[in-house]
Amino acid sequence: LAFAEKFEHIKYDLGFIYKVSDVKVISHNYINYTDEKWTYALGYGLDISISGDEFLFIISHWPSRLKKPHKACDRTVYGTRLRDHVIGITKSQKSTRIILAGDYNDEPFDSPLSSHLKASRDRSRSLYYDNVFYNPFWRKIGEHQGFPIAGSTKSAAGTYYYKSGRETRWFNFDSMVFSKSFLKGSGWRLLEDHAEIVSTQDLLGLVYSKAFRFDHLPIISTIAR
């Protein structure tokens, strides 16, 4: 789905690919927050229907740390205002199936995600509070496979590789975040064993290669009814 009538109107470097026989897009819109002269591009929202069940899906690409440094106060605005937006929708439309995904340029433990968006590592907390999300990609911090890795020459310790990093060259900047409805036993549920960072040797070869500008590994999640 191109998020505009014509390509020249697209303002985000985002896309949404879906199977038209299974998914119906009900509506879609940019999600921005303006404070005085500053506009924060929080994400792009889609209301979709799958087999008659409605979902709110929001994808984001927050600014890089080159534009907005790690501890810049502006970074917390993205998490806070996106959460406010989602809470407003749930109150007015009673939407409960919510998935947030994107390149946040923040790790799960950074305050924009953990404190301000409230994307928790703790499933029980997400189940108890209506507006606390669950981020299964907390579990993916660090090396993806234990040492040694039989038959492989390269490994990954995050989703984003920055060769000039000091404390680490790997960062977990990409996440998918779920509302508590996906943690219950009935209806649509998150299959957490299938929430993964895709780090094949071919992809790692591209990441480490100086000939390619390929620095993010894909992430995947699965829901089932």
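**Exercise 1.** In this predicted model, decide whether Phe178 is buried or exposed, and do likewise for Phe182.

*Solution.* Start with the cut-off: buried means under 20% relative accessible area. Phe178 comes in at 2%, so Phe178 is buried. Next, take Phe182: its relative accessibility is 1%, so Phe182 counts as buried too. Now look at how the rings meet. Phe178 and Phe182 form an aromatic pair, with 5.7 Å from centre to centre. Their planes stand 75° apart, and over 60 counts as edge-to-face, so that's the label for this pair.

**Exercise 2.** Work out how the rings of Tyr30 and Tyr44 are arranged, and find where in the chain each one sits.

*Solution.* First, the distance: the two centres are 4.7 Å apart, and the limit for a pair is within 6.5 Å, so Tyr30 and Tyr44 do pair up. Second, the angle: 85° between the planes makes the pair edge-to-face. Third, the location: Tyr30 belongs to strand β1 (residues 23–35) and Tyr44 to strand β2 (residues 38–50), so the pair links distant parts of the chain, 14 residues apart. Finally, check the surroundings. Tyr30 is partly exposed at 25% relative accessible area, whereas Tyr44, at 2%, is buried.

**Exercise 3.** Find which residues the ring pairs link into a cluster, and which ring the charged end of Arg121 sits over.

*Solution.* Begin with the total: the structure has 17 aromatic pairs. Follow the ring pairs and you'll find Tyr33, Tyr40, Trp62, Tyr78 and Tyr104 joined in a cluster. Then turn to the charges. Arg121 has its charged end over the ring of Trp138, 4.0 Å from the ring's centre. Arg97 does this with Phe55, at 5.7 Å from the centre.

Notes:
Residues are numbered from 1 along each chain as its sequence is written. This is a predicted model: local features need pLDDT of at least 70, side-chain atom pairs count only at pLDDT 80 or more; totals for chains, interfaces and linings use all residues. Side-chain values use heavy atoms; hydrogens and water are left out. Rings of Phe, Tyr and Trp (its six-membered ring) pair if their centres lie within 6.5 Å; planes under 30 degrees apart count as stacked, over 60 as edge-to-face and the rest as tilted. Helices (H or I, at least four residues) and strands (E, at least two) are DSSP runs, numbered from the N terminus. Buried means under 20% relative accessible area, exposed over 50%, partly exposed in between (1.4 Å probe, protein chains only). A charge sits over a ring if NZ of Lys or CZ of Arg is within 6 Å of the ring centre and within 35 degrees of the ring normal.
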